[in-house]
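Thanks for coming. I will take a few minutes to walk through one model, so please have a look at it first.

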Amino acid sequence: MNMPPTDLLTDFATLFAYNWYRDFPMDGYSRDVGSVSDWNIHTGISVRRVADLLGLFTHFESSNRTDAVLRDNQGSPVLFAEWEWNDPSQIPINEPAKLSDAALQHAPHFCFLFSYVQLGRVEDAQRYILDHWNAKTPLLLSLIEYTGRSTRLFHEMSMFRLENGQWTLLRQQPALAWALPGTRWYTQ
């Protein structure tokens with residue numbers, strides 16, 4: 001039987017999107033705002049859970065202090081991941097160039113960048129990231145749109161694939177677990 005080829009980037013995106021809601025740092029009732037540390041830790045846990053589901057090993061702060069490197073059982077890098085609280089549409093960040101350099105040096109299957117962007121500024125963030133991406137390796141980009149300044153209110157999480165200089169939207173979903181209709185977390 002001929003099976004269709006799997007796309008590890010798309011599989012990772014789907015699994016990450018679902019794991020994003022698991023053990024969410026806020027509950028929508030008594031605590032609906034989190035600290036930068038809450039979100040950084042939650043992102044790392046979500047990445048590690050996806051790696052576990054894919055049968056990969058997670059190495060945090062390795063290979064030139066990359067937030068995470070997922071490796072196969074031969075020690076080869078499958079993906080390099082970075083997450084950044086700062087909004088790339090407003091503040092220069094080094095993560096796109098860092099991931100691009102890692103991709104050029106190590107040739108993983110793909111790289112993953114997770115960040116936050118002010119509501120309506122997704123295209124500005126994409127332009128910034130594209131300007132700092134020099135690798136042929138595909139990039140999975142996840143952006144959470146927010147409003148507010150010191151206290152951010154999250155809206156949508158969008159996931160894009162960057163390949164051959166072109167962005168493709170893979171999925172979009174509410175960024176907050178309690179905004180997802182039909183789930184046990186839904187509060188509307």
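Let me begin with what packs around one helix. The buried residues of α3 pack against four elements: β3 (77–84), β4 (110–118), α4 (122–131) and β5 (139–147). Please keep in mind that this is a predicted model.

Now the helix itself. α3 covers residues 95–106, twelve residues in total. From its first C-alpha to its last, α3 reaches 16 Å, close to the 16 Å expected at 1.5 Å a residue.

Which residues of α3 are buried? They are Glu95, Pro96, Leu99, Ser100, Ala102 and Ala103. Looking down the axis of α3, these buried residues fall within an arc of 160 degrees, so they line one face of the helix. On the face turned away from that buried side, α3 carries the exposed residues Leu104 and Gln105.

What comes after α3? The helix is followed by Ala107, which has a positive phi, near 50 degrees.

Then we reach Pro108, in the loop between α3 and β4. Is Pro108 buried or exposed? Its relative accessibility is 7%, under the 20% cut-off, so Pro108 counts as buried. Not counting residues up to four places away in sequence, Pro108 touches Pro77, Val78, Leu79, Phe80, Ala102, Ala103 and Thr137. Two of those names came up a moment ago: Ala102 and Ala103 are among the buried residues of α3.

For a sense of distance, take Pro108 and Trp39. They are 69 residues apart in sequence, and their C-alpha atoms are 25 Å apart in space.

That brings me to another part of the model, the pair α1 and α2. Helix α1 spans residues 8–19 and helix α2 spans residues 36–54. The two pack at an angle of about 130 degrees, and their axes are 9 Å apart. That angle makes α1 oblique to α2. The crossing of α1 and α2 is right-handed. On the α1 side, the contact is made by Leu8, Phe12, Leu15, Phe16 and Asn19. On the α2 side, the contributors are His42, Thr43, Ser46, Val47, Arg49, Val50, Leu53 and Leu54.

I will finish with one residue from that list, His42, which is found in helix α2. With a relative accessibility of 4%, His42 counts as buried. Which residues does His42 contact, leaving aside its neighbours within four places in sequence? They are Asn19, Trp20, Arg22, Asp23, Phe24 and Pro25. Asn19 also belongs to the α1 side of the helix contact.

Conventions. Residues are numbered from 1 along each chain as its sequence is written. This is a predicted model: local features need pLDDT of at least 70, side-chain atom pairs count only at pLDDT 80 or more; totals for chains, interfaces and linings use all residues. Side-chain values use heavy atoms; hydrogens and water are left out. The expected span of a helix is 1.5 Å times one less than its number of residues. Buried means under 20% relative accessible area, exposed over 50%, partly exposed in between (1.4 Å probe, protein chains only). The arc is that of the directions from the helix axis to the C-beta atoms. Contact means heavy atoms within 4.5 Å. Axes are lines fitted to C-alpha atoms, for helices over the stretch in contact, and angles run from 0 to 180 degrees between N-to-C directions. Angles under 35 degrees count as roughly parallel, over 145 as roughly antiparallel, 65 to 115 as roughly perpendicular and the rest as oblique. A crossing is left-handed if the near helix is turned anticlockwise from the far one by less than a right angle, and right-handed if clockwise.
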